Amino acid sequence: MLRVEQPGGAQSFRANGIDIFYERAGVGPRLVFLNGSGATIESSRVLVAPFLQKFEVVTHDQRGLGRTGIPDNPATMEDYAADVGALMDHAGWDSASIVGLSFGGMVAQEFAVTYPQRVDSLVLMCTSPGGAQPSYPLHELEAVEPAERSVRYRRLLDERFDDEWLSDHRLDSMLVSVMEERGRAEKSAEQRRGERLQLDARWGHDVLDRLDRVTARTLVASGRYDGIAPPVNGRSIADRIPGAIFRLFEGGHMFMVQDPTASSAIIEFLLDD
């Protein structure tokens with residue numbers, strides 16, 4: 001595979017018909033961090049940062065996003081999982097802990113049921129198994145008027161997020177501002193196509209009847225007020241993975257930022273091997 005060195009530990013290589021952009025940093029046990037819908041390495045740094053203190057972390061722009069290539073054909077969850085395998089191969093890792101957030105949690109599930117021997121420990125955050133228990137269909141927001149879309153999206157991030165709540169909770173208000181600013185960013189037609197490929201694959205996600213194939217130690221973590229991937233979906237995942245632990249944290253879809261205990265609890269789980 002062709003590798004291109006970039007400044008600051010960033011690199012790219014070609015696999016599965018696209019150029020995959022990734023970063024590798026930190027020292028410790030091996031960990032792959034998988035980003036959420038529409039997210040890139042750049043937009044997820046605050047979420048990855050806690051893991052860099054204890055792990056060697058590899059993260060990448062998933063196909064269609066950021067600096068990774070946009071395929072010509074529709075993408076499937078199997079494609080996204082195969083990219084994770086190619087990334088680990090490129091890093092020289094036979095196995096690693098996998099941490100997946102939201103859409104990244106869907107990819108992590110697909111990877112863990114397809115390549116169980118390559119997963120040392122598994123953390124699935126604010127995600128859904130698909131099938132009869134999908135996450136909220138984010139692609140449907142495109143047809144909603146901008147003002148209504150903003151109101152609806154806030155409540156999806158956290159069911160408590162109305163004007164009164166946000167006026168009284170500065171951190172949550174800042175979180176909403178960051179997420180909405182990301183959504184308003186100017187994008188080319190090709191960038192929008194890449195995001196749509198991911199949303200289409202997301203809606204086709206379904207591992208519900210295959211989760212018993214996961215063999216890794218697993219923690220499933222949900223936010224109490226998550227409107228995108230409600231806690232009932234997380235519990236369902238944990239119920240189907242042998243020996244899985246379910247944890248409920250205070251917050252919504254971004255509980256990793258909202259609940260100060262979340263990062264330490266997840267890292268403790270990963271290190272308690």
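In the predicted model, aromatic ring pairing was examined, and 6 aromatic pairs were identified. In one of them, the ring centres of Phe33 and Phe51 lie 5.8 Å apart with the planes at 50 degrees, so the pair is classed as tilted, given that tilted pairs fall between the limits of 30 and 60 degrees. The pair joins distant parts of the chain, with Phe33 located in strand 4 and Phe51 in helix 1, 18 residues apart. Both Phe33 and Phe51 are buried. Together with Phe55, Phe33 and Phe51 constitute one aromatic cluster.

A further tilted pair is formed by Phe111 and Tyr115, for which the centre-to-centre distance is 5.0 Å and the interplanar angle is 40 degrees. The two partners were also assessed for solvent accessibility. Phe111 has a relative accessible area of 0% and is therefore buried, whereas Tyr115, with a relative accessible area of 28%, is partly exposed.

Helix 1, which spans residues 45–52, contains Phe51 among its buried residues, together with Leu47 and Val48. These residues cover an arc of only 85 degrees around the axis and therefore lie on the same side of helix 1. In an α-helix there are 3.6 residues a turn, so residues three or four places apart point the same way. The buried residues of helix 1 pack against strand 4 (30–34), strand 5 (56–60) and strand 6 (96–101), as well as against helix 9 (255–258) and helix 10 (262–271).

An arrangement of a charge over a ring was also identified: the charged end of Arg217 sits over the ring of Phe269, 4.1 Å from the ring centre.

Note on methods: Residues numbered from 1 in each chain as written. Predicted model: local features only at pLDDT ≥ 70, side-chain atom pairs only at ≥ 80, totals over all residues. Heavy atoms only, no water. Buried < 20%, exposed > 50% of the residue type's maximum accessible area, 1.4 Å probe, protein only. Helix = DSSP H or I, 4+ residues; strand = E, 2+ residues; numbered from the N terminus. Arc of directions from axis to C-beta. Contact = heavy atoms within 4.5 Å. Phe/Tyr/Trp six-rings, centres within 6.5 Å; stacked < 30°, edge-to-face > 60°. Lys NZ or Arg CZ within 6 Å of the ring centre and 35° of its normal.
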